[in-house]
Structures are given as structure tokens and as C-alpha cells.
Amino acid sequence: MDLPQIDEIFELMGKLEGKIPGPKVQEWIDSIAEPEYGLVSSLVKNLLNENSTYIEKFLRILRVFCQFSPEKVGPQLDNEEFKEGLKTYLEKKRAEEVSYDAFIILAQQEDLDYSLALAKQCFDSLEYLQDELACKAVLSILVRIFIHDQQIMVECCNQHKNARHFGEILLHMINRSEDKLLEDCLECIKNLLKCEDTMDTFFYTNDLKTLCDIVLSHLSTVSDEELVKPLLEVMLALLENPSFFAMEHRVSDIKEVVVTFEAPSLTVVTQEILNAMI
């Protein structure tokens, strides 16, 4: 690989941070991202073979490619060589040294390595993430792993120093997200609330009130019918939680919103709990 050429491309990619490329720049990105050009495949092949300085640059270029030309780049990254290279990179780096580009790229992969090692690396890295895009990527990876295997969640995170931080990020993201990540986060929160071994590790009592307020807000404005069920399931898990139950927080508001939706298997049980709170 021509490393001076990589330096030049890396510099150009840096100028695109936080910007939307114009038509000519987009055309250039799409052209050099073509499989026939060989740049992406060359970056993938060299990911394990260069010094750490260039690995960071490889990852940054690949991340920008994924961001601005996903249809051309995605299929080129769907191979075991690249996945192994990314996995090796994450395993060798200390949490504070990991490039957030690696997490952003990994979050876009359909087939994740649902392993305890990856969950720990992501969890350890939470306190060092300054970029919201990276934070969102790490959260996406973690909630997918935890939904896939709740035992990993218990082994990896219970009593971890970043557990509260993870809970805060979850609340932040469900308050802002409106995509697939929101649904995954809701599923993860529901599991956390139902797991006696982990719930108190992630959320303070006031966090439960905040969660309730966020869910109520979503339910009062939700336009995607597929989100109603996971939102109601989180509300039910909240109501079944003894700490939240004892607070009697916004009971009338909860009753008014919950009974509005046609989810009998959820709302009947929820109604019984609400009646018991009064």
C-alpha cells in the first residue's frame, strides 16, 4: 500500500468531519469506494499488518467511507478477514486507546460477535467516549449483545464502575432516538428492570422516574405503531418494580396513556397494578 497516498486520503477525509459532501465530492468518494478501485480491499488487507499509527488512519478512512458510501463499502467489509482484523485490534488495545471509528464500523455490521470479550471492551470504553456518534455506536453494540445473551449482561456489567454511566446513556438515547436503536434500547431496559441482580446496579431511584417520564412522552406522541408494544412493556416492567411502585409517580398520567392503546394482554395487568397503587 502506498502510505503517502493514505496520508493524503486521510487528510481529505478529515475535512469531511461534520459536513455533507457536495455532488462532486460525493462522486469522488463513490468512485474510489468502488471494488474495482481496490482501496477498500487494500485497507482491509493491511489492517493487521501496519503500525498502530496507520491502523488508526485505516479505520478513519473506512468509517468515513461507511458513512458516505455505505452501499458500495458495506459488502466489501462483509468478510471474515476484516472482522478478524477489527476483533484483534479491539482485543489488543486498552479501553482508553481504542479508536471510536472501530466501534462505529462494528455497529454497522449485521453479524456481531456476541461475546463476553467484546461486551467488556465496549463497557470499559464507555467512560472515554467523547463523541456522541461513537457513544451511540457502543450503545448499539451493547444492547444487541445483551438482548442476545442476558447472562453476558450479568457477567460483564454487574457492579462494573461504568454501570451507572451505561444506564444514563440508555436514558439519554431513548429520549432522543426514533429509529431501530430506540426499540433495542427499550428491550434492553425491560430486561434490566426485570433482572433483580442488575437493576439496582444501573439505575438510581430518580432514574426510574425519568424513565417513566420519557416513556409517557413517547406514548403520547408515538406515530410508529411498532413502538407501542415495547413502550408499554417497559412501562409494565416499571410498574412491577417495587422501588418504582412505592413512589406512586404520575399514576393518573400512566393510567390515561396506557388504557388508550389496544394491547389487552399488557393493559389489563397494568390496570390492576395501577389500581393497587391508589
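# Notebook: charges, cysteines and helix H4

I began with the pair Glu-56 and Lys-93, which form a salt bridge with their closest N and O atoms 3.6 Å apart. The two partners sit in distant parts of the chain, 37 residues apart. Glu-56 belongs to helix H4, residues 52-68. Lys-93 lies in the loop between helix H6 (80-92) and helix H7 (100-107). I looked up the exposure of Glu-56 next. Its relative accessible area is 24%, so I noted it as partly exposed.

**Confidence**

This is a predicted model, so I checked the confidence before going on. The mean pLDDT of the protein is 82. Of its residues, 87% reach 70 or more. Where is confidence lowest, and where is it highest? The lowest mean, 61, is in helix H18, residues 264-277. The highest, 91, is in helix H14, residues 205-221. I will read H18 with its mean of 61 in mind.

**Salt bridges**

I searched the whole structure and found 14 salt bridges. Side chains of opposite charge can pair when their charged atoms come close.

I took Arg-60 and Asp-101 next. Their side chains meet in a salt bridge at 2.7 Å, N to O. This pair, too, links distant parts of the chain: Arg-60 is in helix H4 and Asp-101 in helix H7, 41 residues apart. Are the two partners buried or exposed? Arg-60 is buried, and Asp-101 is buried as well.

Then I turned to Glu-132 and Arg-176. They form a salt bridge, with the closest N and O atoms 3.0 Å apart. Glu-132 is in helix H9 (residues 132-148) and Arg-176 in helix H11 (residues 163-176). The sequence separation is 44 residues, and the pair links distant parts of the chain. Glu-132 has a relative accessible area of 41%, so it counts as partly exposed.

I also noted a network. Glu-187, Lys-190, Lys-229 and Glu-233 are joined into one by salt bridges that share partners.

**A buried acid without a partner**

I looked for a charge left out of these pairings and stopped at Asp-207. It is found in helix H14. Asp-207 is buried, yet it has no salt bridge. Which side chain of opposite charge is nearest? It is Arg-164, 5.0 Å away. A salt bridge needs nitrogen and oxygen within 4 Å, so a gap of 5.0 Å does not qualify. I listed the contacts of Asp-207, leaving out residues up to four places away in sequence. They are Leu-171 and Phe-202.

**Two more residues of helix H4**

I returned to helix H4 for Arg-63. Its relative accessibility is 3%, so it counts as buried. What does Arg-63 touch beyond its neighbours within four places in sequence? The contacts are Glu-17, Tyr-100, Asp-101, Ile-104, Ile-105 and Leu-133. Asp-101 is the salt-bridge partner of Arg-60.

Val-64 is also placed in helix H4. I found it buried, because its relative accessible area is 1%. Its contacts, again without neighbours within four places in sequence, are Met-13, Leu-16 and Glu-17. Glu-17 therefore appears in my contact lists for both Arg-63 and Val-64. I checked the spacing to Met-13 too. Val-64 and Met-13 are 51 residues apart in sequence, but 6.7 Å apart in space, C-alpha to C-alpha.

**Cysteines**

How many disulfides does the structure hold? I counted zero. A disulfide is a covalent bond between the sulfur atoms of two cysteines. Cys-122 has 0% relative accessibility, so it counts as buried. Cys-188 is in no disulfide. Its nearest cysteine sulfur is that of Cys-185, 7.0 Å away. The cut-off is 2.5 Å, which means that this distance does not make a disulfide. Cys-188 is buried, with a relative accessible area of 0%.

**Backbone**

Last, I looked at phi in the loop between helix H16 (242-247) and helix H17 (251-258). Glu-248 is found there. Its phi is near 50 degrees, a positive value in a residue other than glycine. At 49% relative accessibility, Glu-248 is partly exposed. Arg-250 is in the loop between H16 and H17 as well. Arg-250 is not a glycine, yet its phi is positive, at about 50 degrees. I noted Arg-250 as partly exposed, since its relative accessible area is 33%.

Methods
Residues are numbered from 1 along each chain as its sequence is written. This is a predicted model: local features need pLDDT of at least 70, side-chain atom pairs count only at pLDDT 80 or more; totals for chains, interfaces and linings use all residues. Side-chain values use heavy atoms; hydrogens and water are left out. pLDDT is the predictor's confidence in each residue, from 0 to 100. Helices (H or I, at least four residues) and strands (E, at least two) are DSSP runs, numbered from the N terminus. Buried means under 20% relative accessible area, exposed over 50%, partly exposed in between (1.4 Å probe, protein chains only). Lys and Arg count as positive and Asp and Glu as negative; His and the chain ends are not counted. Contact means heavy atoms within 4.5 Å.
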